[in-house]
Amino acid sequence: MEDQRAPGTAELNGRPVSPAELQALALTGYGHFTTMLVEDGRVRGLPLHLERLARDCRTVFGTELDLGRVREFARRAVPVRGAVVVRVTVFDPALDLGTIGSPAEPQLLVTSRPAGGAGPLPPLRVRSVAYRRDLPAVKSVGLFGSLWHRRQAQRAGFDDVLFVDGERGISEGSTWNIGFVRGRQVVWPEAEHLVGTTMELLRGLYRCDFERVGLAEAAGFDAAFATNAAIGVRVVGRLDGLTLRAEHPVIEELRAQYTALPGDQL
């Protein structure tokens, strides 16, 4: 009999989470996470998601993470058929502002939500801003700065925000990576950023190069695209006042190759 569990669950270590246990996230906000698109029980780049969780747990908490438990608890949040977005958040409910230096016992919060509809999303309109996330290599729960800048961008008529460093070199989006297309060449910016799982998978499917890409150089590219696990590959159609192509054969090829990946069984 198929599991009819509806997306929208929230469980801590495989059981319903209590409001008291969530206070540490709400009041302290110390932890890390990964977000996966699960389709019919399969995840593209599952080993990359698990490696990220293990690596970030060592950085954030100084301890090893049981990846078998991660998969066990994540499976509870997905139906046998259909697509959901699952987030695995690693945090310690016992840590607060005063005890943040104590030895940690990280716990696993698994939440799910319905996946977006089928078909490519409309081109993304982004505004650049000088900003660097804390510990860019870690996918941390500390999203205030990113979301504040996203909010300001949306209130100014954009969809999202693109970060640049102090020398106006493009680094990453608020929760996504950005790539550029020049002819048949795909270029990822060299500036400090979080290497996303979708970005890593695309690098294995299509020859890519790294260059320092400043805002001034963006106009020299034919097109740009955003990537993360939830959206896959999405065209970037506007960067500040620069209009980029809404369609490009290389982006269509990247999207098709990525979509065709079978994924790994969760």
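Me: Where does L261 lie in this model?
Reply: This is a predicted model, and in it L261 is partly exposed, with a relative accessible area of 23%. As for its place along the chain, L261 sits in the loop between α6 (249–260) and β16 (264–265).

Me: Which residues is L261 in contact with, once its neighbours within four places in sequence are left aside?
Reply: One separation to keep in mind is that between L261 and R203, which are 58 residues apart along the chain and have their C-alpha atoms separated by 13 Å. With the neighbours within four places in sequence left aside, the residues in contact with L261 are R44, L201 and L205.

Me: Is D160 buried or exposed?
Reply: D160 lies in strand β8, a strand that covers 160–164. The relative accessibility of D160 is 5%, and the limit for a buried residue is under 20%, so D160 counts as buried.

Me: Which side chains make polar contacts with the side chain of D160?
Reply: Without counting residues up to four places away in sequence, D160 touches R125, V126, R127, R150, A153, S174 and W176. Two of these residues are joined to D160 by polar contacts between side chains, at 2.7 Å for S174 and at 2.9 Å for W176. The side chains asked for are therefore those of S174 and W176.

Me: In which loop does W176 lie, and is W176 buried or exposed?
Reply: W176 is placed in the loop between β9 and β10 (177–182). Its relative accessibility is 5%, under the 20% limit, so W176 counts as buried.

Me: Which residues does W176 contact, leaving aside its neighbours within four places in sequence?
Reply: The C-alpha atoms of W176 and L242, 66 residues apart along the chain, are separated by 19 Å. Leaving aside its neighbours within four places in sequence, W176 is in contact with L124, V126, D160, V161, L162, A226, T227 and N228.

Me: Which element gives the most to the largest nonpolar core?
Reply: The largest nonpolar core has 25 residues, and those with the most contacts inside it are M36, V86 and V88. Two or more residues come to this core from each of β3 (31–39), α2, α3 (67–75), β5 (83–91) and β6 (107–114). The element that gives the most, with six residues, is α2.

Me: How many residues does the second, separate core have?
Reply: This core is separate from the one described above, and among its members are V164, W176, A218 and V236. The number of residues in this second core is 18.

Me: Which residues is V86 in contact with, leaving aside its neighbours within four places in sequence?
Reply: V86 is one of the residues with the most contacts inside the largest nonpolar core. Leaving aside the neighbours within four places in sequence, its contacts are with T34, T35, M36, V38, A77, V78, V110, T111 and S112.

Me: Which element gives the most to the lining of the second largest pocket?
Reply: The second largest pocket holds about 300 Å³ of space and is lined by 17 residues, of which D134, L135, S140, V141 and G142 lie nearest its centre. By class, the lining has eight nonpolar, seven polar and two charged residues. At least two lining residues are supplied by each of α2 (46–61) and α4 (144–155), and the element that gives the most, with three residues, is α4.

Me: What is the phi of N13, and what is that of R168?
Reply: Most residues other than glycine have a negative phi. N13, in the loop between β1 and β2 (15–16), is buried at a relative accessible area of 19%, whereas R168, in the loop between β8 and β9 (170–173), is exposed at 53% relative accessibility. Neither N13 nor R168 is a glycine, yet each has a positive phi, which is about 55° for N13 and about 65° for R168.

Me: Which side chain makes a polar contact with the side chain of E11?
Reply: E11 is placed in strand β1 (residues 10–12). At 10% relative accessibility, E11 falls under the 20% limit and so counts as buried. The polar contact made by its side chain has a length of 2.9 Å, and the partner is the side chain of R76.

Terms used:
Residues are numbered from 1 along each chain as its sequence is written. This is a predicted model: local features need pLDDT of at least 70, side-chain atom pairs count only at pLDDT 80 or more; totals for chains, interfaces and linings use all residues. Side-chain values use heavy atoms; hydrogens and water are left out. Helices (H or I, at least four residues) and strands (E, at least two) are DSSP runs, numbered from the N terminus. Buried means under 20% relative accessible area, exposed over 50%, partly exposed in between (1.4 Å probe, protein chains only). A polar contact is a pair of N or O atoms within 3.5 Å; within protein, one must be able to donate a hydrogen and the other to accept it, and residues adjacent in sequence count only if both atoms are side-chain atoms. On a 1 Å grid over the protein atoms alone, a cavity is a set of points where a 1.4 Å probe fits but cannot get out, and a pocket is an open set with protein on both sides within 12 Å along at least five of seven lines; lining residues have an atom within 4 Å of a point. Grid points are joined across faces, edges and corners, and a volume is the space filled by probe spheres set on the points. Ala, Val, Leu, Ile, Met, Phe, Trp, Tyr, Cys and Pro count as nonpolar, Asp, Glu, Lys and Arg as charged, and the others, Gly among them, as polar. A nonpolar core is a set of buried Ala, Val, Leu, Ile, Met, Phe, Trp, Tyr and Cys residues joined through side-chain atoms within 4.5 Å. Contact means heavy atoms within 4.5 Å.
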